[in-house]
Amino acid sequence: MASVRIREAKEGDCGDILRLIRELAEFEKLSDQVKISEEALRADGFGENPFYHCLVAEILPAPGELLGQGIGSKIIKKVAEVALDKGCSQFRLAVLDWNQRAMDLYKALGAQDLTEAEGWHFFCFQGEAMRKLAGK
């Protein structure tokens, strides 16, 4: 079984974070939606007023086939710990409807599917729609 260490991200991790964002987007068939640069990640996460908080999972030895080793559960548990330590009362995850493995994991860990339970739908303003709203 792989050993997992989860730590706070550092500014020097931004290149790897961007690579992982791109890999995830490719996996989820959304590569065309990645519009961020390493420089923007650095400024947005490690500047004067950070927009995001990031954890890094270091998996030892080098990752091979990692499914079924509990790594996802460890990561989500750490996110819950950090969220509570920072005064959050909840955290939310977004998952595409075809990713049944992720949905099953989240439910097994106690997450409530708000689409099923409350009928929530997530919306996104981007690009031209955002500029139009802002009058730009």
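Trainee: Leaving aside its neighbours within four places in sequence, which residues is Phe 125 in contact with?

Mentor: Phe 125 is in contact with Met 130 and Leu 133 once those sequence neighbours are set aside. Contact here means heavy atoms within 4.5 Å. Before we go on, this is a predicted model, where local features need pLDDT of at least 70 and side-chain atom pairs count only at pLDDT 80 or more, while totals for chains, interfaces and linings use all residues. Residues are numbered from 1 along each chain as its sequence is written, and side-chain values use heavy atoms, with hydrogens and water left out.

Trainee: What makes Phe 125 count as exposed?

Mentor: Its relative accessible area is 55%. The cut-offs are under 20% for buried, over 50% for exposed and partly exposed in between, with a 1.4 Å probe and protein chains only. Phe 125 is over the upper limit and is therefore called exposed. The residue lies in the loop between H5 and helix H6 (127–134).

Trainee: How do you know what counts as a helix or a strand?

Mentor: Both are DSSP runs, numbered from the N terminus: helices are H or I with at least four residues, and strands are E with at least two. By that rule the protein has 6 helices and 2 strands, in the order β-α-α-β-α-α-α-α along the sequence.

Trainee: Why is Met 103 called buried?

Mentor: Met 103 has 15% relative accessibility, which is under the burial limit, so it counts as buried. Met 103 lies in helix H4, and beyond residues up to four places away in sequence it touches Val 95, Leu 96 and Asp 97. Across the protein, buried residues make up 18% of the 136 residues.

Trainee: What is the relative accessible area of Gln 112, and where is Gln 112 found?

Mentor: The value is 54%, over the upper limit, so Gln 112 is exposed. Gln 112 is found in the loop between helix H4 (100–108) and helix H5 (114–118). Not counting residues up to four places away in sequence, Gln 112 touches Ala 117 and Glu 118.

Trainee: Why are H1 and H2 called roughly perpendicular?

Mentor: The axes of helix H1 (residues 14–27) and helix H2 (residues 38–46) cross at roughly 110° and come within 9 Å. Axes are lines fitted to C-alpha atoms, for helices over the stretch in contact, and angles run from 0 to 180 degrees between N-to-C directions. Angles under 35 degrees count as roughly parallel, over 145 as roughly antiparallel, 65 to 115 as roughly perpendicular, and the rest as oblique. The crossing angle falls in the 65 to 115 range, and H1 and H2 are therefore roughly perpendicular.

Trainee: Which residues make that contact between H1 and H2?

Mentor: H1 gives Cys 14, Gly 15, Ile 17, Leu 18 and Ile 21, and H2 gives Glu 38, Leu 41, Arg 42 and Phe 46. They divide into 6 nonpolar, 1 polar and 2 charged. In that scheme Ala, Val, Leu, Ile, Met, Phe, Trp, Tyr, Cys and Pro are nonpolar, Asp, Glu, Lys and Arg are charged, and the others, Gly among them, are polar.

Trainee: What makes a set of residues a nonpolar core, and which residues form the largest one here?

Mentor: A core is a set of buried Ala, Val, Leu, Ile, Met, Phe, Trp, Tyr and Cys residues joined through side-chain atoms within 4.5 Å. The largest has 7 residues: Ala 9, Cys 14, Ile 17, Leu 18, Leu 41, Cys 54 and Val 56. H1 supplies the largest share of this core, 3 residues.

Trainee: And what is noted about phi of Lys 29?

Mentor: Phi of Lys 29 is near 60°, a positive value in a residue other than glycine. Most residues other than glycine have a negative phi. Lys 29 is found in the loop between H1 and H2, and with a relative accessible area of 63% it is exposed.
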